[in-house]
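User: I am new to this structure. Please take me through it step by step.

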Amino acid sequence: MSEQLKVPTMAECMAEGKQPEVLFWVGSAGSYDDRAKKITKAFVRILNKANVDFAVLGSEESCTGDVAKRAGNEFLFQMQAMMNIEVLNAYEIKNIVTCDPHSFNCIKNEYPSLGGNYNVKHHTQFIKELIDSGKLKVQQHTYKGKRITFHDPCYLGRANNEYDAPRVVLSTLDANLTEMKRHRATALCCGAGGAQMFKEPEKGDKDINVLRTEDALETNPDIIATGCPYCNTMMTDGVKAKEKEDSITVLDVAELIANS
Amino acid sequence: MDYLPNILFAIALVLGIGFFAKNVRKLIRNIKLGQDVDVSDNKSQRWKNMAMIALGQSKMVKRPIAGILHIVVYIGFVIINIEVLEIIIDGLFGTHRIGLSILPQSVYGFLIGSFEILAVGVLISVILFWIRRNVIKLKRFLSNEMTGWPKNDGNIILYFEVVLMCLFLVMNATDTSFQELNSGNVISQYIAPLFNGLSEGSLHLIERGAWWLHIVGILIFLNYLYYSKHLHILLAFPNTYYGSLKPKGEFNNLDAVTNEVKLMMDPNADPFAAPAEGAEEEVPAKFGASDVQDLNWVQLLNAYTCTECGRCTSSCPANLTGKKLSPRKIMMDTRDRLEEVGKNIDANNGTFVDDGKQLLGDYITNEELWACTTCNACVEECPVSINPLSIILDMRRYLVMEQSAAPTELNNMMTNIENNGAPWPYNQMDRLNWKDE
């Protein structure tokens, strides 16, 4: 690709004797999943544009262990957590931002009692702060008038009570924001959480992501916005199942902002 | 002087309250079968939660129709019970409407008038509740777990309340001296004409009959609680007090695991070291929960508190898409098994004798547990701070860490994390490849 992304690693910064202000925790999905990588890059474009002093761990990053914990494997989770905490503490990390609500929740809430205390933000919260402080200017014409509905990720919304940041960020687009019937605290899960992403669903009469996509379709959207790579996959699959992929796109809040 | 009624009343009261107290002791013993958990933190926030959620019904009104009807019944129940105080004093000392000789007539009239209005409010609400269950047949009252006793239990409670409210109003309507005061009989004055033409003696008989049935009915209802989902009227208070104060996304870190992992990662640890002299014999920890005794006591309190309203199940994504998981059933199963364990202990002189059964498998199946997305919708919905998700997670922990019984795909995912630090089989050295793609 032609775009030149500036993505320093912590190791490089250390070699230059610099301490970046914030660590961007990319997460496994953001590192390897083709769809999620686009979100990662969109967020880096925002960070570059706003001249944020950040770095990533690169190959020193490992799975947070969140999904293992939710699957019931507390051993594996704590192994991962303690290894990551060792790395993070060695680099004296204070601030972390991530595009994955699961990593966000896990590092923010479950790492402290294992010795990892950081100021953790979800990227929608981070982008909101960049906009609020004037470091990031959002051009309004790209999505002007488009109908956008936001799907609340469980681990951002119910799990951590953050419903406003993504909505405030989206409101800067001058688009037509609509709410699904089930939104904020009553939002329906996309179906990926609790390790469901990595297994076939149990027998039932419908897939959860299809039901959630139906919620979204009721608002007649042009764009379904999400703030989670797993929600993104599930909703994208749901839109395909409903054969609406020609008229509806599923985009992360970071992509919407980066594209404007 | 005829003290027979006073004596009979005292006996009824002692029997009713005594039997209830006996069951409450059993209830507390059963809850204490759970593992210890520290909930002594942040008392002020806990009191606040109890005041808001239980006393203030803040979460009930998230569903306005049921919420407002419930508030009418709740306020009616609490306030009309002031009247029970008078009944008890009258019954024990053979007085009649002792309140009248203590309070000014206008105050007494105001109180009884309020009770009568509330009684009608309760009657209407309870009838609407019955219609929602039995005529409109709301979906959340018809799930698989809501057949048999749970269904009957729901209706019996409503019948009880109808009868108690009717008795209260009839008691007032047939009390000729009370009607003659013409103060506070705001509703009963319209019921009184139904009894026109009856002799003074028959009216008195009906009034006494209603009075006795009312108080005996209340004592029976009190004792019904232990066997019913209706326990929530008492347990909602401690349950909201002990409810989690953490962000819903935060799942507890198991200390037993932390110790082992630290030992594993400590390069100086000697795996073959003999335990220090005098160190307590380590009890091999069981990871996760396969039976009620493995859960903590707050989770067991949760189970007794559940009134089976089904808001959790009606918002559960797995249940909404036809999977077997129902958070309400998780709570009902936990209580049923806990009751079974309690009866086992009663039958065996205070010790539990293995009955070859457990919560996992005999009540809750693996299929239900693996259908959960951990989305917290059930936790969010519960009007009395019950957490079905914590039980699901503890049972998953047992399946994975004690039985290695995770679905194959999840085992593959976990092997990937162990081998290359990601749930997919990609090389950790490739983590930053996206930068140049």
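Analyst: Start with a definition: axes are lines fitted to C-alpha atoms, for helices over the stretch in contact, and angles run from 0 to 180 degrees between N-to-C directions. Helices (H or I, at least four residues) and strands (E, at least two) are DSSP runs, numbered from the N terminus. The model is predicted: local features need pLDDT of at least 70, side-chain atom pairs count only at pLDDT 80 or more, and totals for chains, interfaces and linings use all residues. Residues are numbered from 1 along each chain as its sequence is written, while chains are lettered from A and ligands numbered from 1 in the order in which they are written.

User: At what angle do the axes of α15(B) and α19(B) cross?

Analyst: Helix α15 of chain B covers residues 327-347, and α19 of chain B covers residues 388-402. Their axes come within 9 Å. Angles from 65 to 115 degrees count as roughly perpendicular, so these two helices are roughly perpendicular to each other. The crossing angle is roughly 75 degrees.

User: Which residues of α19(B) make the contact with α15(B)?

Analyst: Two residues are in contact if their C-beta atoms, placed from the backbone, lie within 7 Å. From α15(B) come B:P327, B:I330, B:M331 and B:T334. From α19(B) come B:P388, B:I391 and B:I392.

User: Which helix gives the most to the largest nonpolar core?

Analyst: A nonpolar core is a set of buried Ala, Val, Leu, Ile, Met, Phe, Trp, Tyr and Cys residues joined through C-beta atoms within 7 Å. Buried means that 20 or more other C-beta atoms lie within 10 Å of a residue's own C-beta, placed from the backbone. The largest core has 145 residues, and those with the most contacts inside it include A:I127 and B:M395. With nine residues, the top contributor is helix α19 of chain B.

User: How many residues are in the other core, apart from this one?

Analyst: This other core lies apart from the largest one. Among its members are B:V73, B:V122, B:L169 and B:W211. Its size is 28 residues.

User: What radius of gyration does chain A have?

Analyst: The radius is taken over C-alpha atoms, and the globule rule is 2.2 Å times the number of residues to the power 0.38. For 260 residues, a compact globule would have a value near 18 Å. Chain A agrees with that, at 18 Å.

User: Which helix gives the most to the side of chain A that touches chain B?

Analyst: On that side, 58 residues of chain A are in contact with 56 residues of chain B. Several helices each supply at least two residues, including α3 (34-49) and α5 (74-90). With seven residues, the one that gives the most is α5(A).

Conventions
A residue is buried if 20 or more other C-beta atoms lie within 10 Å of its own, exposed if 12 or fewer, and partly exposed in between; C-beta atoms are placed from the backbone. Angles under 35 degrees count as roughly parallel, over 145 as roughly antiparallel, 65 to 115 as roughly perpendicular and the rest as oblique.
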